[in-house]
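Colleague: I am new to this structure and would be glad of a close look at a single part, the aromatic residues and what surrounds them. Please take it slowly, and add the other places you would point out to a newcomer.

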Amino acid sequence: MKQLKFKNGDLMPAIGLGTWKSKPGEVGEAVKTAIANGYRHIDCAAIYGNEAEIGQALADLFKAGVVKREELWITSKLWNDSHQSDYVLPALKKTLSDLQLDYLDLYLIHWPVAFKHGVQPSSAADFLSLEEVPIIETWTKLEEALELGLTKHIGVSNFSVLKLSDLLQKAKVKPEVNQVELHPFLQQNDLLQFARENDILLTGYSPLGSGDRAAATKKADEPSLLTHEVIAQIAEAKKCTTAQVLIAWQVQRGTAVIPKSTNAERIVQNLESVQCILTDEEVAKINALDRHYRYVDAKFFAVPGNTYGNVYDE
Ligand code: A2P
């Protein structure tokens, strides 16, 4: 399994199991199936509402001797309602308690968006602007979490080049990861280039197009990655599936990737994409599909009167 190297030598497996949208009652079994079949990287977040079930699955796996804590890479993310300095460490501790872990491998600021504490926003008054709660206020607490040993690495998610540049100038400890939407329709070459120049690793979410998102957040005319004819032709030629081509493309590009599945066969299939090695010609065909198309357009944060109409700065 290809791994991505951090400055201190730590290694993050390039393919992880995504758990966004994995339902309670299913996610624990998915984690067990994944780890039993060789996954060593699980991507979590408090807002996914399933960390307690994942924690129980991990505890069962450790107890049964299937895997040791130190063999796993566990990522989680700080939710938007806990950006203010008093709330960051309690939120991280709640995640650790739910996951039944003493430390995370990686803790990320989930979005450059702040809500009032404990609020699921319904109007502009429920948000806090980045002037009111600057990212550096939140980041300083992540740096403290690192010092306390609650996490081994810290990073961000959904950050633009602009926001990363700003954070790099102010941070004592530089962010090591930016987790963003990545796939052939949204290759983000500028962001990747900037990340490489600044020793930041990218992890790609929604690598398969996240077809299981809530209907309210989907557009009627969304293009399909899993059935795209160029991807399908390459899959046929290689005797693998379109999902495997999409995952292999990211691994070969040097980013981490976290396909979500709760189906045992597809969980195994997705890890086996390491056997699908794309030729330069195939990679070039996939690279030509870029169209800067976002499935997760972040418009759900844009409420009349708030400051979050352009989260991605584009
Ligand atoms: P399921 O969980 O039933 O396998 P993304 O990772 O981009 O968020 O996409 C997740 C969606 O893709 C889910 O609907 C998931 O369904 C589906 N999926 C995951 N792996 C595969 C695969 N190998 N082939 C087809 N669909 C897949």
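Modeller: What follows begins with the aromatic rings, passes to some single residues, and ends with the ligand. Please keep in mind throughout that this is a predicted model, and that every value I give is computed from it.

The count of aromatic pairs comes to 10. One of these pairs is formed by W111 and F300, whose rings are arranged edge-to-face, with 6.1 Å from centre to centre and 90° between the planes. This pair links distant parts of the chain, since W111 belongs to the loop between β6 (106-109) and β7 (114-115), while F300 belongs to the segment after α10 (280-287), and the two are 189 residues apart. The two partners also differ in how they are covered: W111 has a relative accessibility of 5% and therefore counts as buried, whereas F300, with a relative accessible area of 42%, is partly exposed. F300 has a further partner in F301, and here again the pair is edge-to-face, with the ring centres 4.8 Å apart and 70° between the planes. F301 itself is buried, because its relative accessible area is 4% and the limit for that class is under 20%.

These residues belong to a wider arrangement, in which ring pairs join W79, W111, F115, F127, F300, F301, Y308 and Y312 into a cluster. If you follow the cluster to Y308, you will find this residue in the segment after α10, and it counts as buried because its relative accessibility is 3%. Y308 also brings together places that are far apart in the sequence, for it is 195 residues away from V113 along the chain, yet the C-alpha atoms of the two are 7.2 Å apart in space. At Y312, another member of the cluster, the ring has a charged neighbour: the charged end of R294 sits over it, 3.5 Å from the ring centre. A comparable placement can be seen at F185, where R291 lies over the face of the ring, at 5.2 Å from its centre.

From the rings we can turn to a charged residue, K77, which has its place in strand β5 (residues 73-78). Is K77 buried or exposed? Its relative accessibility is 1%, so it counts as buried. The side chain of K77 makes a polar contact of 2.6 Å with the side chain of D43, and another, of 3.0 Å, with the side chain of Y48.

A second long-range approach is worth locating in the model, and it involves E137, which is found in helix α4 (residues 135-147). E137 is partly exposed, with a relative accessible area of 26%. Its C-alpha atom is 7.7 Å from that of H83, although E137 and H83 are 54 residues apart in sequence.

Two residues deserve attention for their backbone angles. Most residues other than glycine have a negative phi. Q188, which is not a glycine, has a positive phi of about 50°, and it lies in the loop between β10 (177-181) and α6 (189-197). K239 is likewise not a glycine and has a positive phi of about 55°; you will find it in the loop between α7 (229-238) and α8 (242-253). Their surroundings contrast, as Q188 counts as buried at a relative accessibility of 12%, while K239 is exposed, with a relative accessible area of 77%.

Finally, there is the ligand, which has 17 residues around it, and of these S210, K260, S261, R266 and N270 come nearest. Sorted by class, the shell consists of 5 nonpolar, 8 polar and 4 charged residues. Its largest share, 3 residues, comes from helix α9 (residues 264-271). As for individual atoms, an oxygen atom of the ligand is 2.6 Å from an N or O atom in the side chain of S261, and for the side chain of R266 the distance from an oxygen atom of the ligand to an N or O atom is also 2.6 Å. The backbone takes part in the surroundings too, with a polar backbone atom of L208 at 2.8 Å from an oxygen atom of the ligand. Taken alone, the ligand exposes 570 Å², and the protein buries 83% of that area.

Key:
Residues numbered from 1 in each chain as written. Predicted model: local features only at pLDDT ≥ 70, side-chain atom pairs only at ≥ 80, totals over all residues. Heavy atoms only, no water. Near = heavy atom within 4 Å. Polar contact = N/O pair within 3.5 Å; in protein donor to acceptor, adjacent residues only side chain to side chain. Areas by Shrake-Rupley, 256 points an atom, 1.4 Å probe, with all protein chains shown as cover. Helix = DSSP H or I, 4+ residues; strand = E, 2+ residues; numbered from the N terminus. Nonpolar A, V, L, I, M, F, W, Y, C, P; charged D, E, K, R; others polar. Phe/Tyr/Trp six-rings, centres within 6.5 Å; stacked < 30°, edge-to-face > 60°. Buried < 20%, exposed > 50% of the residue type's maximum accessible area, 1.4 Å probe, protein only. Lys NZ or Arg CZ within 6 Å of the ring centre and 35° of its normal.
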